[in-house]
Amino acid sequence: LLELDPTADMQDDTFQSEYDFTSMLLAEAGRKYFGFVEPAFLQAAHGILLSTSILCAFVEYPGNPLTEFPPEIRDFLKTGIAAALLINVALAALSVPVATEKGQPVWFWAPKTLLLGGLAFDEISRAPSLKKR
């Protein structure tokens, strides 16, 4: 194909796109936010924010500024984590029938939606169907 058209490797329609496990991890079915922020970067940022929030809310280690917050701030963080978890549980439950309908693996989408919430639910809503027609 490259002998016939030297620019064939730059055309998107030359390659068959497959939606596989790597595509699911990298959120290739998700939409860009604000027109330019890739969902994979948002997923990484959400993971960092969640782990930092859990560290600040639940770990007490003298000398580390992230673990020496006053009890009021710790309680506020715990409440925020609990609220986000409640919403994510509801979205994870909603993602199960969507993933089943599209032939996507439920064992992947339910935990991903539980962890990332609306980012993952938007992605499974936009993901292509893997069922054979």
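Against which helices do the buried residues of H5 pack? In this predicted model, the buried residues of H5 pack against H1, H2, H3 and H4. The residues concerned in H5 are Leu119, Ala120, Asp122, Glu123 and Ile124, each of which is buried. Helix H5 itself spans 118–126.

The overall organisation of the chain is helical, with five helices and zero strands. Read from the N terminus, the order of elements is α-α-α-α-α. The chain comprises 133 residues, of which 27% count as buried. Contacts between residues at least 6 apart in sequence were also examined, and 52% of these join residues at least 24 apart.

Helix H4 (106–116) was considered next. Its buried residues are Phe108, Trp109, Lys112, Thr113 and Leu116. These cover an arc of only 115° around the axis, and therefore lie on the same side of H4. The cover over the buried residues of H4 includes helix H1 (21–25), H2, H3 and H5. On the face of H4 turned away from the buried side, the exposed residues Trp107 and Leu115 are found. Ala110 is also part of helix H4. When residues up to four places away in sequence are not counted, Ala110 touches Ala92, Ser95 and Val96. The C-alpha atom of Ala110 is separated by 8.6 Å from that of Ala99, a residue eleven places away along the chain. After H4 comes Gly117, with a positive phi near 65°.

The aromatic residues of this segment were then analysed. A pair of aromatic rings is described by two quantities, the distance of the centres and the angle of the planes. The structure holds two aromatic pairs. One of them joins Trp107 and Phe108 in an edge-to-face arrangement, at 6.2 Å centre to centre and with 80° between the planes. In the pair of Phe108 and Trp109, the ring centres are 5.1 Å apart and the planes stand at 85°; because an angle over 60 degrees counts as edge-to-face, this pair is edge-to-face as well. Trp107, Phe108 and Trp109 together form one aromatic cluster. The members of the cluster differ in accessibility: Trp107 has a relative accessible area of 61% and is therefore exposed, the cut-off being over 50%. Phe108, at 9% relative accessibility, falls under the 20% limit and so counts as buried. Trp109 is buried, as is Phe108.

Empty space in the model was examined in terms of pockets and cavities. Such space is revealed by rolling a probe the size of a water molecule over the atoms. The largest pocket has a volume of about 420 Å³. Helix H2 (39–58), helix H3 (71–102) and helix H4 (106–116) are the elements that give two or more residues to its lining. The lining of this pocket consists of 18 residues, and those nearest the pocket centre are Leu50, Ile81, Ala84, Asn88 and Leu115. Leu115 is thus part of the pocket lining, and this residue is also one of the exposed residues on the face of H4 turned away from its buried side. The largest share of the lining, seven residues, is supplied by H3. By residue class, the lining of the largest pocket divides into eleven nonpolar and seven polar residues, with no charged residue.

A single cavity of 30 Å³ or more was counted, and the largest cavity holds about 30 Å³ of space. H2 and H5 are the elements that give two or more residues to the lining of the largest cavity. The residues that line this cavity are Ala27, Gly30, Arg31, Tyr33, Pro39, Gln43, Leu119, Asp122 and Glu123. H5 gives the most to this lining, with three residues. Leu119, Asp122 and Glu123, which line the cavity, are also among the buried residues of H5. The cavity lining divides into four nonpolar, two polar and three charged residues, whereas the lining of the largest pocket includes no charged residues.

Definitions and conventions. Residues are numbered from 1 along each chain as its sequence is written. This is a predicted model: local features need pLDDT of at least 70, side-chain atom pairs count only at pLDDT 80 or more; totals for chains, interfaces and linings use all residues. Side-chain values use heavy atoms; hydrogens and water are left out. On a 1 Å grid over the protein atoms alone, a cavity is a set of points where a 1.4 Å probe fits but cannot get out, and a pocket is an open set with protein on both sides within 12 Å along at least five of seven lines; lining residues have an atom within 4 Å of a point. Grid points are joined across faces, edges and corners, and a volume is the space filled by probe spheres set on the points. Helices (H or I, at least four residues) and strands (E, at least two) are DSSP runs, numbered from the N terminus. Ala, Val, Leu, Ile, Met, Phe, Trp, Tyr, Cys and Pro count as nonpolar, Asp, Glu, Lys and Arg as charged, and the others, Gly among them, as polar. Rings of Phe, Tyr and Trp (its six-membered ring) pair if their centres lie within 6.5 Å; planes under 30 degrees apart count as stacked, over 60 as edge-to-face and the rest as tilted. Buried means under 20% relative accessible area, exposed over 50%, partly exposed in between (1.4 Å probe, protein chains only). The arc is that of the directions from the helix axis to the C-beta atoms. Contact means heavy atoms within 4.5 Å.
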